[in-house]
Amino acid sequence: MEDGIALNKTVILQRNNVLKAVKLIPEKVIVFERMRFKPENAIGLPFGSVFEVKNGDLNPVNSSLSLEEMETAGEDNRNLVDTHGKSQTLNRQDLIQMKEDGATGKEIVQSLVENSSSFAGKTVFSQKKYLKKKQKKHLAYLQLLKPTSRLICKLYQEREPAKICHMRIDSMSQLLTSTNVRHGSKVAVFETCSGLLLGMVLERLAGKGSIVNLHPGETPVNLFAVSHFNFPDEYWDNLHSLPLHKLAPLLAGNSFQSTFDESNKTTCESEVPLESNDSSTDIANENNSKLEIAIPLDIKAVENLNEKACNGPLKRKLSLSDKEKTAIRVERQKKRFNHQKAAWELLESRNMDALIVASRFHPTPIVLSLLEVLAVSKPFAIYFEYKEALMELFVRLSVSGAAINLQLTDTFMRQYQVLPERTHPHVMMRGHGGYLLTGIKVRPFSAQQEK
């Protein structure tokens, strides 16, 4: 994975405490916190660089305004009197005029400090607080950060926490730790957290191992968070998806081919147009995959079409013929078929190393079914926003004897501000982080007696 800022990659924009994930596309204007700019000047610089937005461009700067340039601070604030804003000689019109004249944000902050009659008498702490407040308002600074699990989770927490089931980063880290996800593991995941948990597992495996992503519906949807991680291609080769409704035929002992044919029979029939004069819509000889269509399908041509569709101009729609669209659709169906077959074979072996479930659905029926594909003496971890559903699952697993070392815990994480003589917990914090049920699968006692 690249260590520097590059085009066609996702970065995390940060201004003060506001985060946003964007993909750097050439010549595309990015809008963030009332700032508009193009990303070209940031390419090649390391992650964590700070930039000032000026005239629609990014200019690397030093974000700190040193207090050493200021006058000596006062010992305390006993002599400060509330003058209702009269201590500042600059008014709003003066600041607007300075901006129109092209003054930078740092120059505006410096002018505010010089024209404040009470700044020199403030303590060092009060001066820093004053500077921080003015910098936040007038400096058009932003920082480009490398996408990580913590930052992406924090981004969703602040913007759309419901999309990740109100899960915090400490809950997600406990899920990975409890299931011992490591390099080379075979992990079964069922989540509705926009792909954030799936991305964390991919990051932990680092290209070695296998992941089976079980999802509701026929195709995986709403996995936007995974695309923010900038994973290389070899990471995606280990990710295999399978619809959750195909788990029942798998556990019943049905073959993958019969299950796949049955589920796609209706879909294939609905995709055939009523007017079949065009030879490209005729169904070819049936084969094992049931996906061949009677058109000259050239894989190289399909790849070129996909590349053309991805790298074409942004403002110009790509026009493809019906034959080309059909070829792309068939190629995607083949890839989906191969991924589902690989996922089926992994689950059919019933030798998965870990099971992780974090969704908005009731966990009991899902977990009881997925435990069948987990190997004996392997861990599992379940997250749910409310404890009542996990309590029901806890009782079911305890009575059936299918798991040991069951623990139902409430996650809590306290954040601290760490500054000289000002270290204390944050005043505003989230008081709820969901609940976790962890355990280890064992063979039930009744099954042991039968053997």
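Reader: In β6, which residue is the bridge partner of Glu-52?

Author: Strands are DSSP runs of E with at least two residues, and helices are runs of H or I with at least four, both numbered from the N terminus. Two strands pair if DSSP finds at least two bridges between them. β5 and β6 pair in the antiparallel sense over four bridges. In β6, the partner of Glu-52 is Asn-59.

Reader: What kind of model is this?

Author: Residues are numbered from 1 along each chain as its sequence is written, and side-chain values use heavy atoms, leaving out hydrogens and water. Local features need pLDDT of at least 70, side-chain atom pairs count only at pLDDT 80 or more, and totals for chains, interfaces and linings use all residues, since the model is predicted.

Reader: In β7, which residue is the bridge partner of Glu-52?

Author: β5 and β7 run antiparallel, joined by three bridges. Within β7, Glu-52 is bridged to Tyr-141.

Reader: How many of the five residues of β5 are buried?

Author: Buried means under 20% relative accessible area, exposed over 50%, and partly exposed in between, with a 1.4 Å probe and protein chains only. β5 spans residues 50-54 and is largely enclosed by the rest of the structure, because its buried residues number four.

Reader: Which residue takes a positive phi in the hairpin of β5 and β6?

Author: Two residues lie between the strands of this hairpin. The positive phi, near 55°, belongs to Asn-55.

Reader: What is the strand order of the open five-stranded sheet?

Author: The pairing in this sheet is antiparallel. β2 (18-23) and β6 (57-60) are its edge strands, each paired on one side only. The twist averages 35° from one strand to the next, with axes fitted as lines to C-alpha atoms (for helices, over the stretch in contact) and angles taken from 0 to 180 degrees between N-to-C directions. The order is β2-β1-β7-β5-β6.

Reader: Which residue in β7 stands opposite Gln-14?

Author: β1 (residues 10-15) and β7 (residues 141-145) pair in the antiparallel sense over three bridges. Opposite Gln-14 stands Gln-143.

Reader: At about what angle does α4 run to β2?

Author: α4 lies across β1, β2 and β7, in contact (heavy atoms within 4.5 Å). To β2, α4 runs at about 115°.

Reader: Why does one side of β10 and of β13 have no neighbour in the open sheet of seven strands?

Author: The order in this sheet is β10-β9-β8-β11-β12-β16-β13, with mixed pairing. Its twist averages 15° from one strand to the next. β10 (239-243) and β13 (403-410) stand at the edges, so each has a single partner strand.

Reader: Which residue in β11 stands opposite Val-189?

Author: β8 (residues 186-191) and β11 (residues 354-358) pair in the parallel sense over five bridges. Val-189 faces Ile-356.

Reader: At about what angle does α14 run to β13?

Author: α14 covers residues 387-400. It lies across β12 (379-384), β13 and β16 (435-441). To β13, the angle is about 165°.

Reader: Which element gives the largest share of the largest nonpolar core?

Author: A nonpolar core is a set of buried Ala, Val, Leu, Ile, Met, Phe, Trp, Tyr and Cys residues joined through side-chain atoms within 4.5 Å. This one has 38 residues, with Leu-175, Leu-196, Val-201, Ile-211 and Ile-356 touching the most other members. Elements that give two or more residues include α4 (149-159), α5 (169-178) and α6 (196-205). The largest share, seven residues, comes from α6.

Reader: Are α5 and α6 parallel or oblique to each other?

Author: Their axes come within 11 Å and cross at roughly 50°. The contact includes Met-172 and Leu-175 of α5, and Leu-196 and Val-201 of α6. Angles under 35 degrees count as roughly parallel, over 145 as roughly antiparallel, 65 to 115 as roughly perpendicular and the rest as oblique. α5 and α6 are therefore oblique.

Reader: Which elements do the buried residues of α5 pack against?

Author: The buried residues of α5 are Asp-170, Ser-171, Met-172, Leu-175 and Leu-176. They pack against α4, α6, β11, β12 and β16.

Reader: Are α4 and α6 roughly parallel or antiparallel to each other?

Author: Ser-149, Ile-152 and Cys-153 in α4 meet Leu-196, Met-200 and Glu-203 in α6. The axes come within 10 Å and cross at roughly 175°. α4 and α6 are therefore roughly antiparallel.
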